[in-house]
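Student: I have a model open and want to test the terms used for it. Can we go through them one at a time?

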Amino acid sequence: MKAAVLNQSSHQLEVSELETPKPGKGEVLVKLKTASINHHELWSMQERSIASDSTVIIGSDGAGEVVEVGPGVASTWIGKAVIINPSLNWGSNLRVQGPDYQILGFPRNGTFAEYISIPVEYVYEKPAHLDFDEASAIPLAGLTAYRALFTRGEFEKGSNVLITGIGGGAALFALQFAIAAGANAYVTSGSEEKIQMAVSMGARAGVNYKKSDWDKRLLMLAGGFDVIVDSAAGTGFAALTELANPGARIVLFGRTAGKIPQLNPSIIFWKQLSIHGSSMGNDAEFKAMIEFIELNKLRPLVDAVFPLENIRDAFERMESGKQMGKIVVTL
(Lines give C-alpha, C1' and ligand atoms only; values in the text may rest on other atoms or scores of the structure.)
Protein backbone atom coordinates (compact mmCIF):
# COMPACT_ATOMS: atom_id res chain seq x y z
CA MET A 1 0.00 0.00 0.00
CA LYS A 2 0.99 3.63 -0.42
CA ALA A 3 1.50 5.63 2.75
CA ALA A 4 2.89 8.99 3.81
CA VAL A 5 5.75 8.12 6.15
CA LEU A 6 7.42 10.56 8.51
CA ASN A 7 11.16 10.80 7.75
CA GLN A 8 12.79 10.84 11.19
CA SER A 9 15.76 12.88 9.95
CA SER A 10 14.06 15.65 7.97
CA HIS A 11 10.70 15.40 9.77
CA GLN A 12 9.02 15.64 6.37
CA LEU A 13 6.42 13.29 4.94
CA GLU A 14 7.51 10.96 2.16
CA VAL A 15 5.18 8.71 0.16
CA SER A 16 6.40 5.10 0.32
CA GLU A 17 5.24 1.57 -0.44
CA LEU A 18 4.55 -0.44 2.71
CA GLU A 19 3.03 -3.82 3.48
CA THR A 20 -0.74 -3.75 3.90
CA PRO A 21 -1.61 -4.49 7.55
CA LYS A 22 -3.67 -7.48 8.66
CA PRO A 23 -6.49 -7.02 11.17
CA GLY A 24 -5.79 -8.63 14.52
CA LYS A 25 -8.24 -9.90 17.10
CA GLY A 26 -11.09 -7.43 17.54
CA GLU A 27 -9.91 -5.29 14.61
CA VAL A 28 -11.17 -4.34 11.16
CA LEU A 29 -9.18 -3.47 8.06
CA VAL A 30 -10.41 -0.26 6.49
CA LYS A 31 -9.66 0.71 2.89
CA LEU A 32 -9.33 4.43 3.42
CA LYS A 33 -10.87 6.67 0.79
CA THR A 34 -9.85 10.01 2.29
CA ALA A 35 -8.03 11.51 5.25
CA SER A 36 -7.87 15.06 6.52
CA ILE A 37 -5.01 16.96 8.10
CA ASN A 38 -4.85 18.86 11.38
CA HIS A 39 -2.64 21.33 13.20
CA HIS A 40 -1.95 18.40 15.54
CA GLU A 41 0.17 16.75 12.82
CA LEU A 42 1.66 20.04 11.59
CA TRP A 43 2.90 20.93 15.09
CA SER A 44 4.28 17.42 15.57
CA MET A 45 6.38 17.82 12.44
CA GLN A 46 7.45 21.39 13.18
CA GLU A 47 8.36 20.70 16.79
CA ARG A 48 9.86 17.28 16.00
CA SER A 49 7.81 15.83 18.82
CA ILE A 50 7.57 12.38 17.20
CA ALA A 51 10.78 10.42 17.61
CA SER A 52 10.79 6.76 16.71
CA ASP A 53 13.18 4.10 15.49
CA SER A 54 10.46 2.58 13.32
CA THR A 55 8.35 3.68 10.37
CA VAL A 56 5.69 6.17 11.45
CA ILE A 57 2.48 6.76 9.49
CA ILE A 58 0.88 9.80 11.08
CA GLY A 59 -2.66 11.06 10.50
CA SER A 60 -5.67 11.06 12.82
CA ASP A 61 -8.67 11.54 10.54
CA GLY A 62 -9.96 9.06 8.00
CA ALA A 63 -13.01 7.53 6.36
CA GLY A 64 -13.36 4.50 4.14
CA GLU A 65 -14.81 1.02 3.74
CA VAL A 66 -14.29 -2.08 5.87
CA VAL A 67 -12.79 -4.79 3.65
CA GLU A 68 -11.72 -7.42 6.18
CA VAL A 69 -12.37 -8.32 9.81
CA GLY A 70 -10.15 -9.97 12.38
CA PRO A 71 -11.04 -12.77 14.80
CA GLY A 72 -14.00 -11.95 17.03
CA VAL A 73 -15.50 -9.30 14.72
CA ALA A 74 -18.83 -9.86 12.97
CA SER A 75 -18.55 -10.26 9.21
CA THR A 76 -21.49 -7.86 8.82
CA TRP A 77 -18.96 -5.03 9.10
CA ILE A 78 -17.51 -5.93 5.70
CA GLY A 79 -18.60 -3.44 3.06
CA LYS A 80 -19.73 -0.76 5.52
CA ALA A 81 -18.70 2.84 4.97
CA VAL A 82 -17.13 4.04 8.19
CA ILE A 83 -15.54 6.97 9.97
CA ILE A 84 -12.72 6.46 12.49
CA ASN A 85 -12.57 7.82 16.03
CA PRO A 86 -8.92 8.88 16.60
CA SER A 87 -9.31 9.27 20.38
CA LEU A 88 -7.86 6.00 21.68
CA ASN A 89 -7.82 4.49 25.18
CA TRP A 90 -9.55 7.43 26.89
CA GLY A 91 -9.97 5.51 30.13
CA SER A 92 -12.72 5.22 32.75
CA ASN A 93 -12.83 8.86 33.88
CA LEU A 94 -15.07 10.78 31.47
CA ARG A 95 -13.68 14.10 32.75
CA VAL A 96 -10.09 13.55 31.64
CA GLN A 97 -8.06 11.13 29.54
CA GLY A 98 -6.13 8.38 31.33
CA PRO A 99 -2.41 7.54 31.32
CA ASP A 100 -2.72 5.16 28.34
CA TYR A 101 -4.48 7.72 26.15
CA GLN A 102 -3.19 8.41 22.64
CA ILE A 103 -4.30 10.13 19.48
CA LEU A 104 -4.29 7.94 16.38
CA GLY A 105 -1.15 8.52 14.33
CA PHE A 106 1.52 7.81 16.92
CA PRO A 107 2.50 5.41 18.31
CA ARG A 108 -0.26 3.54 16.44
CA ASN A 109 0.02 4.01 12.67
CA GLY A 110 -2.47 6.55 11.38
CA THR A 111 -4.60 7.42 8.40
CA PHE A 112 -2.19 8.81 5.79
CA ALA A 113 -2.24 5.44 4.05
CA GLU A 114 -4.43 3.35 1.76
CA TYR A 115 -5.27 0.90 4.55
CA ILE A 116 -5.48 0.94 8.34
CA SER A 117 -6.17 -1.81 10.85
CA ILE A 118 -8.05 -0.48 13.88
CA PRO A 119 -10.04 -1.95 16.80
CA VAL A 120 -13.69 -2.19 15.80
CA GLU A 121 -14.74 -0.09 18.82
CA TYR A 122 -13.26 2.96 17.07
CA VAL A 123 -15.20 2.71 13.82
CA TYR A 124 -18.66 4.19 13.30
CA GLU A 125 -20.93 4.01 10.31
CA LYS A 126 -20.57 7.06 8.10
CA PRO A 127 -23.61 9.37 8.15
CA ALA A 128 -25.38 8.63 4.87
CA HIS A 129 -25.74 12.28 3.85
CA LEU A 130 -21.96 12.82 3.80
CA ASP A 131 -19.48 11.93 1.09
CA PHE A 132 -16.07 10.56 2.05
CA ASP A 133 -14.33 13.95 1.78
CA GLU A 134 -16.79 15.41 4.28
CA ALA A 135 -16.71 12.37 6.56
CA SER A 136 -12.93 12.35 6.89
CA ALA A 137 -13.02 16.03 7.84
CA ILE A 138 -14.94 15.32 11.03
CA PRO A 139 -13.11 13.20 13.61
CA LEU A 140 -10.43 15.17 15.47
CA ALA A 141 -11.78 18.68 14.88
CA GLY A 142 -15.41 17.69 15.29
CA LEU A 143 -14.77 15.84 18.55
CA THR A 144 -12.67 18.71 19.91
CA ALA A 145 -15.40 21.23 19.11
CA TYR A 146 -18.22 19.08 20.47
CA ARG A 147 -16.58 18.54 23.85
CA ALA A 148 -15.51 22.20 24.07
CA LEU A 149 -18.99 23.55 23.36
CA PHE A 150 -21.32 21.08 25.04
CA THR A 151 -19.35 19.34 27.78
CA ARG A 152 -16.81 21.92 28.94
CA GLY A 153 -18.77 24.97 27.77
CA GLU A 154 -22.05 23.71 29.23
CA PHE A 155 -23.90 25.30 26.32
CA GLU A 156 -27.57 26.15 26.71
CA LYS A 157 -29.96 27.08 23.93
CA GLY A 158 -30.18 30.83 23.36
CA SER A 159 -26.72 31.53 24.77
CA ASN A 160 -24.40 34.13 23.31
CA VAL A 161 -21.41 32.18 22.01
CA LEU A 162 -18.10 33.58 20.78
CA ILE A 163 -15.80 31.43 18.64
CA THR A 164 -12.35 32.87 18.03
CA GLY A 165 -10.12 32.30 15.02
CA ILE A 166 -12.81 31.16 12.63
CA GLY A 167 -11.51 29.34 9.56
CA GLY A 168 -9.84 26.31 11.10
CA GLY A 169 -11.61 22.99 11.33
CA ALA A 170 -12.48 22.88 15.04
CA ALA A 171 -13.64 26.51 15.14
CA LEU A 172 -15.91 25.93 12.14
CA PHE A 173 -17.39 22.83 13.74
CA ALA A 174 -17.99 24.79 16.94
CA LEU A 175 -19.82 27.42 14.87
CA GLN A 176 -21.95 24.83 13.04
CA PHE A 177 -22.77 23.00 16.28
CA ALA A 178 -23.64 26.21 18.11
CA ILE A 179 -25.95 27.47 15.36
CA ALA A 180 -27.66 24.09 15.03
CA ALA A 181 -28.21 24.01 18.80
CA GLY A 182 -29.80 27.48 18.89
CA ALA A 183 -26.95 29.81 19.83
CA ASN A 184 -26.47 33.47 19.07
CA ALA A 185 -23.05 32.91 17.54
CA TYR A 186 -20.30 35.47 16.92
CA VAL A 187 -16.78 35.01 15.58
CA THR A 188 -13.37 36.62 15.30
CA SER A 189 -10.82 36.24 12.51
CA GLY A 190 -7.88 38.07 10.99
CA SER A 191 -9.61 37.78 7.61
CA GLU A 192 -12.66 39.79 6.55
CA GLU A 193 -13.39 37.09 3.97
CA LYS A 194 -13.56 34.41 6.67
CA ILE A 195 -15.82 36.59 8.80
CA GLN A 196 -18.22 37.02 5.89
CA MET A 197 -18.16 33.28 5.24
CA ALA A 198 -19.04 32.66 8.90
CA VAL A 199 -21.93 35.14 8.68
CA SER A 200 -23.19 33.36 5.56
CA MET A 201 -23.17 30.14 7.62
CA GLY A 202 -25.36 31.69 10.30
CA ALA A 203 -23.11 33.70 12.63
CA ARG A 204 -24.72 36.92 13.87
CA ALA A 205 -21.58 38.97 13.21
CA GLY A 206 -17.80 38.94 13.50
CA VAL A 207 -14.86 41.24 14.11
CA ASN A 208 -11.29 41.36 12.89
CA TYR A 209 -8.95 40.71 15.82
CA LYS A 210 -6.17 42.60 14.04
CA LYS A 211 -8.01 45.85 14.80
CA SER A 212 -7.06 47.44 18.12
CA ASP A 213 -10.65 47.84 19.27
CA TRP A 214 -11.84 44.34 18.33
CA ASP A 215 -12.99 43.57 21.86
CA LYS A 216 -14.98 46.83 22.18
CA ARG A 217 -16.68 46.10 18.86
CA LEU A 218 -17.73 42.67 20.08
CA LEU A 219 -19.11 44.13 23.28
CA MET A 220 -21.18 46.59 21.27
CA LEU A 221 -22.46 43.83 19.00
CA ALA A 222 -23.37 41.20 21.61
CA GLY A 223 -23.24 42.82 25.02
CA GLY A 224 -21.28 39.88 26.44
CA PHE A 225 -20.90 36.13 26.05
CA ASP A 226 -22.06 33.09 27.99
CA VAL A 227 -19.70 30.65 26.28
CA ILE A 228 -16.38 31.50 24.63
CA VAL A 229 -14.53 28.85 22.63
CA ASP A 230 -10.92 29.85 22.04
CA SER A 231 -8.10 28.15 20.17
CA ALA A 232 -5.51 30.94 20.31
CA ALA A 233 -4.65 31.94 23.91
CA GLY A 234 -1.88 34.58 23.64
CA THR A 235 -2.14 38.26 24.50
CA GLY A 236 -5.79 38.51 23.48
CA PHE A 237 -6.98 35.97 26.03
CA ALA A 238 -7.27 38.52 28.84
CA ALA A 239 -9.80 40.48 26.76
CA LEU A 240 -12.02 37.39 26.66
CA THR A 241 -12.51 37.60 30.42
CA GLU A 242 -13.70 41.18 29.93
CA LEU A 243 -16.16 40.04 27.25
CA ALA A 244 -17.51 37.18 29.35
CA ASN A 245 -20.85 37.54 31.11
CA PRO A 246 -21.05 36.74 34.83
CA GLY A 247 -20.96 32.97 35.26
CA ALA A 248 -19.62 32.43 31.74
CA ARG A 249 -17.44 29.53 30.63
CA ILE A 250 -14.27 30.13 28.60
CA VAL A 251 -13.00 26.96 26.93
CA LEU A 252 -9.44 26.78 25.57
CA PHE A 253 -8.31 23.99 23.24
CA GLY A 254 -5.43 25.56 21.30
CA ARG A 255 -2.35 27.78 21.48
CA THR A 256 -1.87 29.31 18.05
CA ALA A 257 -1.10 32.74 19.60
CA GLY A 258 1.24 31.39 22.27
CA LYS A 259 1.32 31.73 26.03
CA ILE A 260 -1.09 33.89 28.03
CA PRO A 261 0.97 36.75 29.52
CA GLN A 262 -1.37 38.06 32.19
CA LEU A 263 -4.88 37.85 33.55
CA ASN A 264 -6.69 40.07 36.06
CA PRO A 265 -7.77 37.65 38.82
CA SER A 266 -10.40 40.03 40.20
CA ILE A 267 -12.35 39.85 36.92
CA ILE A 268 -12.28 36.06 37.04
CA PHE A 269 -13.42 35.65 40.62
CA TRP A 270 -15.87 38.56 40.76
CA LYS A 271 -17.64 37.40 37.60
CA GLN A 272 -17.42 33.81 38.83
CA LEU A 273 -15.94 32.75 35.51
CA SER A 274 -14.96 29.19 34.68
CA ILE A 275 -11.89 28.74 32.48
CA HIS A 276 -11.70 25.20 31.14
CA GLY A 277 -8.96 23.45 29.25
CA SER A 278 -10.23 20.91 26.72
CA SER A 279 -8.61 18.42 24.38
CA MET A 280 -10.22 15.81 22.13
CA GLY A 281 -13.00 13.82 23.84
CA ASN A 282 -14.20 10.46 25.09
CA ASP A 283 -16.02 7.66 23.25
CA ALA A 284 -19.48 8.77 24.38
CA GLU A 285 -18.82 12.30 23.09
CA PHE A 286 -17.65 10.98 19.72
CA LYS A 287 -20.82 8.91 19.38
CA ALA A 288 -22.99 11.86 20.41
CA MET A 289 -21.15 14.12 17.99
CA ILE A 290 -21.77 11.79 15.04
CA GLU A 291 -25.44 11.50 16.00
CA PHE A 292 -25.73 15.30 16.28
CA ILE A 293 -24.25 15.74 12.78
CA GLU A 294 -26.59 13.10 11.39
CA LEU A 295 -29.68 14.50 13.13
CA ASN A 296 -29.02 18.04 11.93
CA LYS A 297 -27.68 16.97 8.50
CA LEU A 298 -24.57 19.10 9.02
CA ARG A 299 -21.93 19.15 6.30
CA PRO A 300 -18.31 19.97 7.15
CA LEU A 301 -16.78 22.73 5.07
CA VAL A 302 -13.99 21.29 2.90
CA ASP A 303 -11.41 23.87 1.84
CA ALA A 304 -9.25 21.89 -0.59
CA VAL A 305 -8.50 18.33 -1.68
CA PHE A 306 -5.01 17.00 -2.49
CA PRO A 307 -3.84 13.58 -3.70
CA LEU A 308 -1.64 11.62 -1.28
CA GLU A 309 1.41 12.30 -3.46
CA ASN A 310 0.96 16.03 -2.77
CA ILE A 311 0.40 15.79 0.97
CA ARG A 312 3.25 18.20 1.69
CA ASP A 313 1.43 20.81 -0.40
CA ALA A 314 -1.63 20.23 1.77
CA PHE A 315 0.35 21.02 4.91
CA GLU A 316 1.87 24.08 3.26
CA ARG A 317 -1.64 25.39 2.67
CA MET A 318 -2.50 24.80 6.31
CA GLU A 319 0.68 26.52 7.44
CA SER A 320 -0.20 29.56 5.31
CA GLY A 321 -3.43 30.02 7.28
CA LYS A 322 -5.45 30.68 4.14
CA GLN A 323 -7.79 27.73 4.50
CA MET A 324 -11.48 28.06 5.34
CA GLY A 325 -12.45 24.59 6.40
CA LYS A 326 -10.73 21.23 6.38
CA ILE A 327 -7.99 20.16 4.01
CA VAL A 328 -8.54 16.63 2.70
CA VAL A 329 -6.19 14.07 1.17
CA THR A 330 -7.45 11.39 -1.22
CA LEU A 331 -5.91 7.92 -0.86
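Student: In which strand is aspartate 61 found?

Tutor: This is a predicted model. In it, aspartate 61 belongs to strand β4, residues 61-69.

Student: Why is aspartate 61 called buried?

Tutor: Buried means under 20% relative accessible area. Aspartate 61 has 0%, so it is buried.

Student: What does the side chain of aspartate 61 reach?

Tutor: The backbone nitrogen of leucine 140, at 2.9 Å. The cut-off for a polar contact is 3.5 Å. Beyond four places in sequence, aspartate 61 also has contacts that include Thr34, Ser36, Pro139 and Lys326.

Student: What makes α3 oblique to α4?

Tutor: The axes of α3 (residues 139-152) and α4 (residues 169-180) cross at roughly 50 degrees and come within 8 Å. Roughly parallel needs under 35 degrees, and roughly perpendicular needs 65 to 115. The angle fits neither, so α3 is oblique to α4. The crossing is right-handed.

Student: Which residues make that contact of α3 with α4?

Tutor: Among them are Ala141, Ala145 and Leu149 of α3, and Phe173, Ala174 and Phe177 of α4. By class, the contact has 10 nonpolar, 3 polar and no charged residues.

Student: Why are α3 and α9 called roughly perpendicular?

Tutor: α3 and α9 (residues 283-296) pack at about 95 degrees, with axes 9 Å apart. The range is 65 to 115 degrees, so the pair counts as roughly perpendicular. The contact includes Leu143 and Arg147 of α3, with Glu285 and Met289 of α9. Its residues divide into 8 nonpolar, 2 polar and 2 charged.

How values were computed. Residues numbered from 1 in each chain as written. Predicted model: local features only at pLDDT ≥ 70, side-chain atom pairs only at ≥ 80, totals over all residues. Heavy atoms only, no water. Axes fitted to C-alpha atoms, helices over the stretch in contact; angles between N-to-C directions. Helix = DSSP H or I, 4+ residues; strand = E, 2+ residues; numbered from the N terminus. Parallel < 35°, antiparallel > 145°, perpendicular 65-115°, else oblique. Left-handed = near helix turned anticlockwise from the far one by under 90°. Contact = heavy atoms within 4.5 Å. Nonpolar A, V, L, I, M, F, W, Y, C, P; charged D, E, K, R; others polar. Buried < 20%, exposed > 50% of the residue type's maximum accessible area, 1.4 Å probe, protein only. Polar contact = N/O pair within 3.5 Å; in protein donor to acceptor, adjacent residues only side chain to side chain.
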